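Colleague: Please choose one part of this model for a close look and describe it in full. I should also like to know how that part relates to its surroundings.

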Protein chains: 2
Amino acid sequence: MPAAGKQPITIYDVAGRAGVSIATVSRALRGSPAVAQATRDKVLAAVKEMRYRPSRLGQSLAVGQHAASGIVFPDLSGPYYAEVILGYEEVVAELGRSVLILATHGRPHAERKVLDLAGRVDGMVIMGRTVDDQVVEQVAAGGLPVVLLARPPIGALDAVNADNDNSARQLVAHLLAHGYRDFAYLGDPAASPDVAGRYAGFRAALVEAGVPVPEPVACAFDVEAGHAAARGLLAGFPPPRALVCANDEVALGALRAAGELGIAVPERLAVTGWDDVMAARYAPLTTVRQPMRELGAVAAGWLLERARGSDSAVRRRTLGSHLVVRSSCGRHNGAA
Amino acid sequence: MPAAGKQPITIYDVAGRAGVSIATVSRALRGSPAVAQATRDKVLAAVKEMRYRPSRLGQSLAVGQHAASGIVFPDLSGPYYAEVILGYEEVVAELGRSVLILATHGRPHAERKVLDLAGRVDGMVIMGRTVDDQVVEQVAAGGLPVVLLARPPIGALDAVNADNDNSARQLVAHLLAHGYRDFAYLGDPAASPDVAGRYAGFRAALVEAGVPVPEPVACAFDVEAGHAAARGLLAGFPPPRALVCANDEVALGALRAAGELGIAVPERLAVTGWDDVMAARYAPLTTVRQPMRELGAVAAGWLLERARGSDSAVRRRTLGSHLVVRSSCGRHNGAA
DNA sequence: CTGAAAGCGCTAACAG
DNA sequence: CTGTTAGCGCTTTCAG
């Protein structure tokens, strides 16, 4: 919307200039075959001369389509969400639609904002712990296509996730192979569906192995929180032998805590994370790599299909993750 | 826009239900004082019962405002852009507007997409190397408020930047204090205004110190590129004593190259970066920290003011950056 | 092939 | 205080 003061040129101006009706301008512009070549040329010339740009608002209102997709996520710190959004943006933009983003990060008015977003798009993905199921249902009830990402399925909504359960099992199997039997888990399952899924897989693997399952030690998603929580945990007696952290930031904080307490990693303590952030390589931290871009891309694809009117069956998909073994979980001699 | 099949309820439905005119519904909803309390209650009740949500399209078309701001950036890899966008989103959303994002990353149709974005917002920020000045001018000429971020000023457009020049000088001063006289610069000034600014400061500082100024060694913005470029550079003779990299990813790649070539850091080679990404702490890499969130926040604030009609003088602002000294540039004994 | 005219959903004068 | 009535800019029948 041009700023006050400048009169934008409308389809009427073009029609006047070209000596045709607005209907003809509209047709010519959208390449309707029912326009004589000569007429089309006249219109196009006028358009060019006047530097006319159709109003999206007018168009959208008339066709009842925003040609835009939204995405709601907790925040943008750490590479995880940024990557997902990048994958999302890439496919959405490629199909000529716009991308609206909304970070809720514990903001009080998240609900209002999600609802507002819903009024500006033809579909939206809602990630992890952002708003209550009730809000999601309200949005979906309005008839808007919604896909859930890194969030437990709700009703008949499409949902795509990373395979937290399986990767947690792989991780635990690897640690068990190292001979560790005394575990601890740093992360709050209540804080995010991903963390919950990871803890569930962790627990199941330990149960199957007949190893004691520790309660999770709640901890926020950043280095500081991981550091503080790990200090408390490692000061206890007996300290755990293997520390599974809900994500890399937390693990990085734990590593620092261990360093400060003079606890050698991996000799006396194994530490693992999730996400494979760049710093993990330098830590060097054993972690789990996830197909973040693809999560976003899949969600975007589904949304566009639904926006085009597809009402195929509910889709659910779990994308594979895989273990990235580095030295923080123990020394390796060629073997895994 | 609800999917085909569901008839959204309009202001007419509510008016009918409440037994008033649509004008009254509109007034009641926007809290006009010129509505009797009883009438307002009736309307609000109808709204609630029918779960009515005003159409943004209708509103926007009527008031001629999108209540949205856009931001154009090269890509979303690395924490830099993500942080800027986060700072931007935070203030934009807090003021009840939506955020549209557009990553150009060398896409061929960037221009078309930027122009399209321009038609959906009341203002937009354009970052770094995304589209030609000509496109920016075209957008601004349409009357849309534009602020340039991490990009050289154009015409009378507001512009905000990080202080690349000054931080480069500080960095070089620090390296000179270490006694280094043989420098190399890894990064392509033509690839981004930021890199150009950093190189300019680097060059100026060396010139002032009477130290030979190396030509920049062009290199993309990622670890792989830094690695490859550094390998070539370090294999040359004589190898440089201090390697200033355009950003942390490049520096991280250079660090790896040095490791592979058996060149001890910092004993035989000093390496520095820019951005202070999380991995830098673990590298551990001397780098420059920038006020990324604030860049976004400042741009957002300016845009909102302009969107509200402020036509104050052109604003230009350079936000300070500061050196983060770690061990990759040499050993420090309490002294800087 | 082209034009007239009816909306899309809402806001904002302008009358009462 | 409330209702009528123009639009906002564009798409899309429906006639011709």
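**Where the two chains meet**

Modeller: In strand β2(B), the residue that stands opposite A:Leu100 is B:Leu100. The model is a predicted one, in which local features need pLDDT of at least 70 and side-chain atom pairs count only at pLDDT 80 or more, while totals for chains, interfaces and linings use all residues. Residues are numbered from 1 along each chain as its sequence is written, chains are lettered from A and ligands are numbered from 1 in the order in which they are written.

The pair of leucines belongs to an antiparallel pairing of β2(A) with β2 (residues 98-103) of chain B, which runs over 3 bridges. Strands pair if DSSP finds at least two bridges between them; the elements themselves are DSSP runs numbered from the N terminus, helices being H or I of at least four residues and strands E of at least two.

Around this pairing lies the wider interface. In it, 43 residues of chain A are in contact with 43 residues of chain B, contact being C-beta atoms, placed from the backbone, within 7 Å. On the chain A side, β2(A) supplies the largest share, 6 residues. The elements of chain A that each give at least two residues are α4, α5 (79-94), β2 (98-103), α6 (110-118) and α12 (278-282). By class, that side holds 24 nonpolar, 12 polar and 7 charged residues. Here Ala, Val, Leu, Ile, Met, Phe, Trp, Tyr, Cys and Pro count as nonpolar, Asp, Glu, Lys and Arg as charged, and the others, Gly among them, as polar.

The symmetry of the two chains comes next. A turn of 180 degrees with a shift of 0.0 Å along the axis lays chain A on chain B with an RMSD of 0.1 Å, the superposition being by least squares on C-alpha atoms of residues with pLDDT of at least 70 in both copies. This is therefore the relation of a two-fold axis. In chain A, the C-alpha nearest the axis belongs to A:Ala279 and lies 1.8 Å from it. Both copies use the same surface, since 100% of the contact residues of chain A recur in chain B.

Helix α4 leads from the interface to the DNA. It is one of the elements that chain A supplies to the side touching chain B, and α4 (56-63) of chain A also gives two or more residues to the surface near DNA strand C. A residue is near a strand if its C-beta atom, placed from the backbone, lies within 6 Å of it. In total, 25 residues surround DNA strand C, and A:Ala23, B:Ile11, B:Ser55, B:Gly58 and B:Ala62 are the closest. The elements giving two or more of them are α2 (22-29) and α4 (56-63) of each of chains A and B, and α4(B) gives the most, with 5 residues. This surface comprises 16 nonpolar, 8 polar and 1 charged residue.

DNA strand D is surrounded by 27 residues, the closest being A:Ile11, A:Ser55, A:Gly58, A:Ala62 and B:Ala23. Again α2 and α4 of chains A and B each give two or more residues. The classes here are 17 nonpolar, 8 polar and 2 charged.

Finally, the domain assignment of chain A, taken from an automatic or database source, gives domain 1 (11-58), domain 2 (66-162 + 291-319) and domain 3 (165-290 + 323-329). The C-alpha centres of domains 1 and 2 of chain A are 36 Å apart.

Key: Contact = placed C-beta atoms within 7 Å.
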